[in-house]
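Colleague: Before I rely on the labels given to parts of this protein, I would like to go through them with you one at a time. Could you set each value against the rule behind it?

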Amino acid sequence: MRSIWNGAISFGLVSIPIKLVNATENHSIHFRQIHLADGGRIRYRKVCELDEEEVQGGEIGKAYEDADGTMIPITDEDLAQLPLPTAKTIEIVAFVPADQIDPLQMDAAYYLSANGVPAAKPYTLLREALKRSNKVAVAKYALRGRERLGMLRVVDDVIAMHGLLWPDEIRAPEGVAPDGDVTVRDAELDLADALMDTLGEVDMDSLHDDYREAVEELIAAKASGETVRPAESGDTGGGKVIDLIAALENSVQAAKKSRGEAGDGAEGEGDGEMADVHPIKKTSGKSSASGKSSAPTTKKSSAAAKKSTSKSVPKSTGAKKSTSTTKKAAAKKTTKTAAAKKQTSSSGGTGAKKTASSRKRASA
């Protein structure tokens with residue numbers, strides 16, 4: 001990798017010659033501006049606003065614009081004469097725990113490479129000291145005409161440096177937090193924890209830029225003359241006021257389903273589903289009443305109708321079946337009693353007739 005800066009790490013009285021190498025690269029797709037009428041490239045030219053002539057790079061210098069619009073020229077020689085101890089040195093000023101560095105200060109990242117064989121020993125010494133202490137080094141350095149703040153830490157077997165913003169460059173988050181007091185219930189926190197546990201960890205190497213890939217496919221399709229079909233955009237529900245509990249529950253279920261933790265088995269069926277409850281239909285007594293009005297029936301047939309009705313009721317209604325059986329037995333008993341009375345009445349009438357006949361014969 002090509003170095004962008006050569007200097008040394010100042011570690012107390014130890015000086016470690018190093019080369020600064022970019023640790024990151026930008027994969028964003030850049031577009032050019034064109035003239036829509038003919039497709040010609042649009043270019044920006046540097047033109048002096050006084051004589052309106054185009055100026056070449058060698059004729060361009062620096063200047064500071066004062067509040068009243070006055071331009072104060074500043075040359076490279078002027079800047080070179082300024083006392084800047086870190087012009088070619090990464091000066092370590094302290095060693096602190098990593099959690100004392102605010103992630104908001106993180107800026108560009110670089111690798112520090114030992115510059116030459118003599119630098120290998122002190123480079124390794126600093127690397128191992130950082131490893132054993134579990135600390136990071138805070139340092140000052142100068143790059144591209146200004147002094148900067150940096151943090152040195154160990155990545156594998158290499159010392160890496162993160163450029164840091166100065167503390168006064170971090171804006172206070174005033175007016176950013178939600179207005180008013182918002183109460184979060186324990187049930188909502190439990191669901192949020194469940195969602196976090198379900199999503200789990202991720203292999204950072206598996207993450208990639210889907211949008212950049214889509215743009216590359218679009219460019220390839222247009223270059224080959226293919227018709228580009230618009231992609232279907234999913235509705236993310238942004239800006240809608242939703243039921244937070246329901247959203248969390250659905251998120252947990254969706255995360256489990258995507259990971260195959262809940263599917264067709266009994267575990268998935270019992271997570272959020274409930275059995276359908278159907279009420280038992282009650283049998284109305286109007287049908288038997290209408291039967292009585294249509295044609296006169298005996299108590300026996302009525303009891304039989306009640307028995308038939310009781311059979312049509314589901315077995316779970318045992319009390320109704322018992323009541324119907326009791327009524328049937330009572331109806332049968334009543335029928336037998338009536339028959340006995342009729343028989344007694346009939347036999348009594350016959351005996352009276354025989355006694356009257358005997359008396360007539362005796363008088364004769």
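**Reasons behind the labels**

Modeller: Let us begin with Glu 169, which forms a salt bridge with Arg 146, the closest N and O atoms being 3.6 Å apart; please keep in mind throughout that this is a predicted model.

Colleague: Why is the contact between Glu 169 and Arg 146 called a salt bridge?

Modeller: A salt bridge requires a side-chain nitrogen of Lys or Arg within 4 Å of a carboxyl oxygen of Asp or Glu. The closest N and O atoms of Arg 146 and Glu 169 are 3.6 Å apart, so the pair meets the limit of 4 Å.

Colleague: What makes you say that Glu 169 and Arg 146 tie together parts that are apart in sequence?

Modeller: Glu 169 lies in the loop between strand S9 (158-164) and H3, whereas Arg 146 belongs to strand S8 (residues 146-155), so the pair links parts that are 23 residues apart in sequence.

Colleague: Are these two residues buried or exposed, or in between, and how do you know that for Glu 169 and for Arg 146?

Modeller: Buried means under 20% relative accessible area and exposed means over 50%, with partly exposed in between. Glu 169 has 36% relative accessibility and therefore counts as partly exposed, and Arg 146, with a relative accessible area of 37%, is partly exposed.

Colleague: How many salt bridges does a search of the whole structure find?

Modeller: The search finds eight. Among them is the one between Lys 62 and Asp 76, whose closest N and O atoms are 2.7 Å apart. Lys 62 lies in strand S3 (residues 62-65) and Asp 76 in helix H1 (residues 76-80), so this pair ties together parts that are 14 residues apart in sequence. Lys 62 is partly exposed at a relative accessible area of 49%, and Asp 76 is partly exposed at 49%; the label "exposed" would need over 50%.

Colleague: What places Glu 216 and Arg 212 about one turn of the helix apart?

Modeller: Both residues lie in helix H4 (residues 210-223), and they are four residues apart. They form a salt bridge, with the closest N and O atoms 3.0 Å apart. Glu 216 counts as partly exposed at 38% relative accessibility, and Arg 212 is partly exposed with a relative accessible area of 22%. Elsewhere, salt bridges that share partners join Arg 127, Glu 128, Lys 131 and Asp 157 into one network.

Colleague: Why is the pair formed by the rings of Phe 11 and Phe 95 called edge-to-face?

Modeller: Rings pair if their centres lie within 6.5 Å, and planes over 60 degrees apart count as edge-to-face. The ring centres of Phe 11 and Phe 95 are 5.9 Å apart and their planes stand at 70°, so the pair is edge-to-face. Phe 11 is in strand S1 (residues 3-11) and Phe 95 in strand S5 (residues 89-97), so the pair ties together parts that are 84 residues apart in sequence. The structure holds one aromatic pair. Phe 11 counts as partly exposed at 22% relative accessibility, and Phe 95 counts as partly exposed at 35%.

Colleague: What makes the phi of Glu 52 worth a remark?

Modeller: Most residues other than glycine have a negative phi. Glu 52, although it is not a glycine, has a positive phi of about 55°. Glu 52 is found in the loop between strand S2 (14-22) and S3, and its 66% relative accessibility makes it count as exposed. Asp 156 has a positive phi of about 55° and is not a glycine either; Asp 156 sits in the loop between S8 and S9 and counts as exposed at 68% relative accessibility.

Colleague: Which residues form the negative surface patch?

Modeller: The patch is formed by Asp 186, Asp 190, Asp 193 and Asp 197. Asp 197 is in helix H3 (residues 186-199) and is exposed, with a relative accessible area of 63%. A nonpolar surface patch of about 460 Å² is made by Tyr 64, Ile 72, Ile 74, Leu 79 and Leu 82. Of these, Leu 79 is found in helix H1 and is partly exposed, with a relative accessible area of 38%.

Methods: Residues are numbered from 1 along each chain as its sequence is written. This is a predicted model: local features need pLDDT of at least 70, side-chain atom pairs count only at pLDDT 80 or more; totals for chains, interfaces and linings use all residues. Side-chain values use heavy atoms; hydrogens and water are left out. Patches are made of residues with over 30% relative accessible area and no salt bridge: like charges are joined within 9 Å, nonpolar side chains (Val, Leu, Ile, Met, Phe, Trp, Tyr) within 5 Å. Accessible areas come from the Shrake-Rupley method with a 1.4 Å probe; for residues, only the protein chains shown count as cover. Lys and Arg count as positive and Asp and Glu as negative; His and the chain ends are not counted. The place of a charge is taken as NZ of Lys, CZ of Arg, CG of Asp or CD of Glu. Helices (H or I, at least four residues) and strands (E, at least two) are DSSP runs, numbered from the N terminus. Buried means under 20% relative accessible area, exposed over 50%, partly exposed in between (1.4 Å probe, protein chains only). Rings of Phe, Tyr and Trp (its six-membered ring) pair if their centres lie within 6.5 Å; planes under 30 degrees apart count as stacked, over 60 as edge-to-face and the rest as tilted.
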